[in-house]
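Hi,

Could you take a look at the structure below when you have a moment? My notes on what turned up come right after it.

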Amino acid sequence: MNIKVNQKEIAHLLDRSAERMGGATLKGLQLARQQALRHQRVTPSFWRSWDGLLFGHRRALSWSITAIAATLLLVNLTVWQHRSEHNRGHIDIAILTDEMPVDIYVD
Amino acid sequence: MFTPVRLLVGLALSMIALSASARPWEKLDSRQRDILAPFASSWNVLPKEEQQNLLGIAEHYPGLAPEKQQRLREQLDKWSKLTPAQRVRAREKFEAFSKVPAEKRETVKQMVREQQANQADSAVQPDTPSR
């Protein structure tokens, strides 16, 4: 047996089958559905559960990420600047305490 | 506004303020002013980085051996007469010179010593009057 049916036909057949169902069957299905809904476990989203910080808003999340990235960049820049200044300070001390006169390093 | 964002922005602003702080000559303590005396007239117009460098030198000064302290004071006077660009160039040259093999460096130093000795001799010897 090889009958081809399309989606519309399937939906129509299912509707007709539901209409033919007895009251007891329908009530039983309804009860089962309600029971399943009662037992459904709703998993809160990670960000939603992280109350107080992100409030579940995507906008807030993107702002936070941007702010963190900007701060990290700034911290990085400041540390780099501090290090290069520190190095330069050491070079200056080395030049100024060296037996060679500073004049020889000037063009 | 969102609290963590406000916190981070505050942190960032304070870091900018901290890194941008320059100190006027009058705000230096007496020890710093004594060591950095050659820069007294130019201090307030020096770039912030230069000020930081010099303050670093003043900070390290007490830990140096007496002869190094003496040397630093002599050289600091010449250093103060250089432009910031010349100081940058001097650092580059010094770093390049530090990478030269030790023997070659010593040869150059010996040449400079001899040159200085000659200059000192010619400064001490009075001019012989021509007859």
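Let me start with one helix pair across the two chains: the axes of helix 4 of chain A and helix 5 (residues 84-98) of chain B come within 10 Å and cross at roughly 75 degrees. The axes here are lines fitted to C-alpha atoms, for helices over the stretch in contact, and angles run from 0 to 180 degrees between N-to-C directions. Helix 4 of chain A and helix 5 of chain B are therefore roughly perpendicular (angles of 65 to 115 degrees get that word, under 35 is roughly parallel, over 145 roughly antiparallel, and the rest oblique). On the chain A helix, A:R88, A:I91, A:A94 and A:I95 make the contact, and on the chain B helix the partners are B:A90, B:R91, B:F94 and B:E95. Contact means that the C-beta atoms of two residues, placed from the backbone, lie within 7 Å. Sorted by class, the residues of this contact are 5 nonpolar, no polar and 3 charged (Ala, Val, Leu, Ile, Met, Phe, Trp, Tyr, Cys and Pro count as nonpolar, Asp, Glu, Lys and Arg as charged, and the others, Gly among them, as polar).

Before going on, some housekeeping. This is a predicted model, in which local features need pLDDT of at least 70 and side-chain atom pairs count only at pLDDT 80 or more, while totals for chains, interfaces and linings use all residues. Residues are numbered from 1 along each chain as its sequence is written, and chains are lettered from A and ligands numbered from 1 in the order in which they are written.

Helix 4 (residues 58-97) of chain A also packs against helix 3 (residues 48-60) of chain B, at an angle of about 60 degrees and with the axes 9 Å apart. That makes this pair oblique. The residues that meet are A:E85, A:R88, A:G89, A:D92, A:I93 and A:L96 on one side and B:E49, B:Q52, B:N53, B:G56, B:I57 and B:H60 on the other. By class, this contact has 3 nonpolar, 5 polar and 4 charged residues.

Taking the chains as wholes, 29 residues of chain A are in contact with 33 residues of chain B. The chain A side of that contact divides into 17 nonpolar, 6 polar and 6 charged residues.

Chain A has 4 helices and 0 strands, and chain B has 6 helices and 0 strands. These are DSSP runs, numbered from the N terminus (helices are H or I, at least four residues; strands are E, at least two). Of the 107 residues of chain A, 7% count as buried, and in chain B it is 15% of 131. Buried means 20 or more other C-beta atoms within 10 Å of a residue's own, exposed means 12 or fewer, and partly exposed is in between, with C-beta atoms placed from the backbone.

One residue to click on is B:D77, in helix 4 (residues 66-80) of chain B. B:D77 is partly exposed because 13 other C-beta atoms lie within 10 Å. Its C-alpha atom is 5.4 Å from that of B:P38, 39 residues apart along the chain.

How confident is the predictor? Chain A averages a pLDDT (confidence in each residue, from 0 to 100) of 80, and chain B averages 83. In chain B, helix 1 (residues 3-19) has the lowest mean among the elements, 58. Where pLDDT is low, the predicted coordinates should not be read in detail. The complex gets an ipTM of 0.73 and a pTM of 0.56.

Cheers

Note on methods:
pLDDT is the predictor's confidence in each residue, from 0 to 100.
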